[in-house]
Amino acid sequence: MFSNLSRFFRLALALLMLLPATPASAASLPARRQLPTTQASHQTIIEIPAESFGLPLAQDEPARQYARGSVLLHKGERVQFNVTIPVPGEYTLWFDAAASPSAPTAPEGQMQVDDGFPVSDLRRVLFPVFYRNSADAFPKDRYGNDALIRQIRLTRWTKVPARDVTFSQPYPLRLPLEAGEHRFDFTLTDGALYLGSIYLETFSPYPSYASYLDVQPAFVSSGFSLSLEAEFPAYKNDTSVRPASNRDLTVTPYDTDKLLLNTLGGESWNKSGTAVYYEFEVPADGMYAVTFRALQNTRSNFTVFRRITLNGKVPFEELNAFPFSYSTNWVDVPLGREMPYLLFLHKGVNTLGIEATVSPYLPAIQTIQQALLDINTLSLEIRKLTGNQRDPYKEWVISDYIPNIETRLNAIAQNLIDDKETLLAITGSSASPEVLTYQLAIDNLLFLAADPDKIPVYMKRFSEGPGSAAQLLGSLLLQLQSQPLALDKIIIHSPDLIVQTPPAPFSRSLVEGFKRFIHSFQPDPYQSIGAGEGELEVWVNRPRQYVDLLQVMSDESFTPQTGIRVKFSIMPDEGKLVLANAAGIQPDVALGVSTNIPYELAIRNALYDLRSFEDFDSFIHIYSPGALLSYIINDSVYAIPETQDFWVTFYRRDILASLGIPVPHTWNEVIEILPELQRYGMNYNTPLSSGAGLKGYLLTAPYLFNHGAKLYSDDGFATGLQSEEAIAAVKFMAESFTIYGMPLTTSSFYESFRQGTLPIGISNFTDYIKLMTAAPEIDGLWTIDLYPATVLPDGRQLRYATGSAQASIMFKNTDQPQEAWQFLKWWMSTETQVDFQERLILNYGREYLWNSANLEAFSRLAIPEEHRTVILEQWKWLLEPVRLPGSYMQERELSNVWNRIVFDGINPRVALDRSIILINREITRKMEEFGYLENGRRVKEFKIPTIETVQEWMEHAP
């Protein structure tokens, strides 16, 4: 890799720069509690020690790691202090802090100065949580492939600057303060935090590289080289930055057959502020060079940036945002490129930090954010005028009502045009997707500015739809905020060594290609079915990441505890489980099965009755009682919930506040706000609006439950839709659309919610994850509330909603029922579920939030507490529709009834009467098929389970 070619000219030039330099005395921090204010190199540093906070000092182990005294703050606790500013100016705020492991979420706080926020981002001061590998080498799965190392939280003290919440600014927040006394009030708003001293320091930019060299010692190292494998950082501040496998022949380590985790990052390392840190030793003080083996092939013609720190500080301005250009192959990138930077390292252990940053794109990001705000504001003004009318033949004179509309449109477009040049200067290519998207948005705005009166007809080019200026800019915002980079290794070396990785020889490429071709005929062990002697076979209806983690956790925990070996396989097709059972190739256990599958298998005698195990009733206390109803036949239970969905109200705080609309808590209140929403071209989303086709029980049953209607007769041999309560429920279900004008179809509530056309509505966990992870432009502008209640004539308020997602089942033909039951109990236990959900987030990021059906485990999920509280409260109203022979016909006919009323205008009673005949006929036919009726005579009882049934089991459990 290294060529010992001396670069005399380069070294001579560096030495000439260094020789005249006179070492300056470093401005050290003042001694604690002895010198609270120092001025060095024209910089004022004011220290507020923890002992002045008026709180008892912490005495536990994490606190003892910080020798100068600290306090432990929990959510809601605060510290107050006064500071006298000697000279007016801009100051940065710093905290000696460490996140406490006692809270599952990262610490957040807010800092008020003189009862206000001089900088808006002081409303959310984020503190890092650090993680490290629990082992020094990757564990191997049973097939010899690398598995991810478990991440553990690291209680690490660090000096944390107050930064913007998106980590986009090139410098910490700058507080403008006048001379004199100021009152500071810091409140911890989330998590738990060990807090040491707080500092106020006058702002000063980082020095240039030339200035940095002027104050460094003259010694340049020679003959030293140290290679660090990037996939093994000492610690990091975000677990989503994870190792990945790469099959390039120049990447180390390499194996033809096995899956090795030999690189770090890529698409998993794209969020600004995420950082990895490497600790290494050098033999002597001196100047060294750093080279990265890097790859950025994710974003075509796009430059990404990394902020480089040494021992906690950015050495000079050029490393505050170092560029990595697009490349199709792995490249060696020295810091400084053609003229590598010389970096001073002290003898012993040093720490290199590499942080993703979008700061060079910040002007473009801010311009886009302002443009989106201006577009949304103007769009709302237009909707107030035009309402929900989109008649292409109607002429509008918008300019009479918004006289400055043309000026405003041109101003938005001009700001984008000016900023486009900045983007071009960074990317260096006018053909990059980002620049082309920018231009499309500009073209839309200029087209509308040419004739503003056409905007009501062309709202799809302005603020609505996938090709609108707002949507284009929103997608561009996400692209600019994404900074993916993969690293293979980091080389710390003397400047006289050239790092140059030779390409793989052609002969080796040929041989490896042939070996891979031969290996491609080997079966994938996770795709193959069948287990070894004495092994429990488990099929999983989930992607490979989940199966890998399940196999590792089982091998680490379940097998050592019980002696039961488990083989996991990816389920070929859950729709063919019936055929697999008929063919005798079914597994012992299946996980991740859709909620409608267990009943179809159980009624055909294919599943094991889990309630036959003595401890079943005591085990199910971890569930919502209503979650089990779909899996019960008479007194037998044939599946247990694995994951659980929720239906809650999502709403945009900003839009509702601007319109003066309160958050509705009942359907009556929803109906009251609809005219105001629709006047502005907005609406309220319901689950029935999502997509076309069959409206299943998950969407229709809550209307019946909340009107007090029963799905079936008490004996289960007929439908219950003939009741007055059911008729009222179906009538309201249809009139929500025919009379009240709720949207018939919503292609994507997530997109409409982001755009503001549906600023409020009911949705589920899928959209929750999207909004949490892929809607940065509305971060903090939305939240959730309970499902709207139906107010009954007697005053009761019911807010039942479905929530089934996936279930776990055991096949009746298993020859290891006790072992399979032990496995299911281990899998759904609180300890395992918490471990699994934590590992998913630690290994893959927040996109892999796990909505466990285990209530105890979900209560420890790392999501905002206010969201978790709402979801757990809504789950108290979870009620799954009971299934019985022929119930699929009722599910189908409920959908048909809705279609007939809404689209054909048929009277609800008439539509229901026609369906009731079909439903009862099918229920009778199926009851005869499964032995409950014989020649129309009842020969076997069928019990309809209720929530009270399950609650009674729980209460009487031994």
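1. In this predicted model, strands β35, β36, β34 and β37 make up an open sheet of four, in the order β35-β36-β34-β37. The pairing is mixed. The edges belong to β35 and β37 (782–785). Each has a single partner strand, so one side of each lacks a neighbour in the sheet.

2. Inside that sheet, look at β34 and β36. Strand β34 covers residues 648–652, and strand β36 covers residues 760–763. The two run antiparallel and are joined by four bridges. One point of register: Val648 stands opposite Ser763 in β36.

3. Now the edge strand β35, residues 684–685. Tyr684 lies in this strand. Is Tyr684 buried or exposed? Tyr684 is buried, because its relative accessible area is 0%, where buried means under 20%. So an edge position in the sheet goes together here with a buried Tyr684. For a distance check, take Leu674, ten residues from Tyr684 along the chain. Their C-alpha atoms are 7.1 Å apart.

4. A second open sheet also has four strands, ordered β5-β13-β7-β8. Its pairing is antiparallel. β5 (78–85) and β8 (125–126) are the edge strands, and each pairs on one side only. Strand β7 (residues 108–113) runs antiparallel to β8 and is joined to it by two bridges. Glu108 has Leu126 in β8 as its bridge partner.

5. Next, a parallel pair. Strand β28 (residues 536–540) and β29 pair in the parallel sense, over five bridges. Between them the chain passes through helix α11 (residues 544–562), and this β-α-β crossover is right-handed. In the pairing, Val540 stands opposite Ile570 in β29.

6. How many residues of β29 are buried? Five of five, across residues 566–570. Val566, Phe568 and Ile570 point one way from the strand. Lys567 and Ser569 point the other way. Both sets are buried, Lys567 included.

7. Last, the surface. Phe514, Phe517, Ile518 and Phe521 make a nonpolar patch of about 470 Å². Ile518 lies in helix α10, residues 506–519. Why does Ile518 count as partly exposed? Its relative accessibility is 41%, and the partly exposed class lies between the buried limit of 20% and the exposed limit of 50%.

Technical notes: Residues are numbered from 1 along each chain as its sequence is written. This is a predicted model: local features need pLDDT of at least 70, side-chain atom pairs count only at pLDDT 80 or more; totals for chains, interfaces and linings use all residues. Side-chain values use heavy atoms; hydrogens and water are left out. Two strands pair if DSSP finds at least two bridges between them. Buried means under 20% relative accessible area, exposed over 50%, partly exposed in between (1.4 Å probe, protein chains only). Patches are made of residues with over 30% relative accessible area and no salt bridge: like charges are joined within 9 Å, nonpolar side chains (Val, Leu, Ile, Met, Phe, Trp, Tyr) within 5 Å. Accessible areas come from the Shrake-Rupley method with a 1.4 Å probe; for residues, only the protein chains shown count as cover. A salt bridge is a side-chain nitrogen of Lys or Arg within 4 Å of a carboxyl oxygen of Asp or Glu. A crossover is right-handed if, with the strands pointing away from the viewer, the path from the first strand over the helix to the second runs clockwise.
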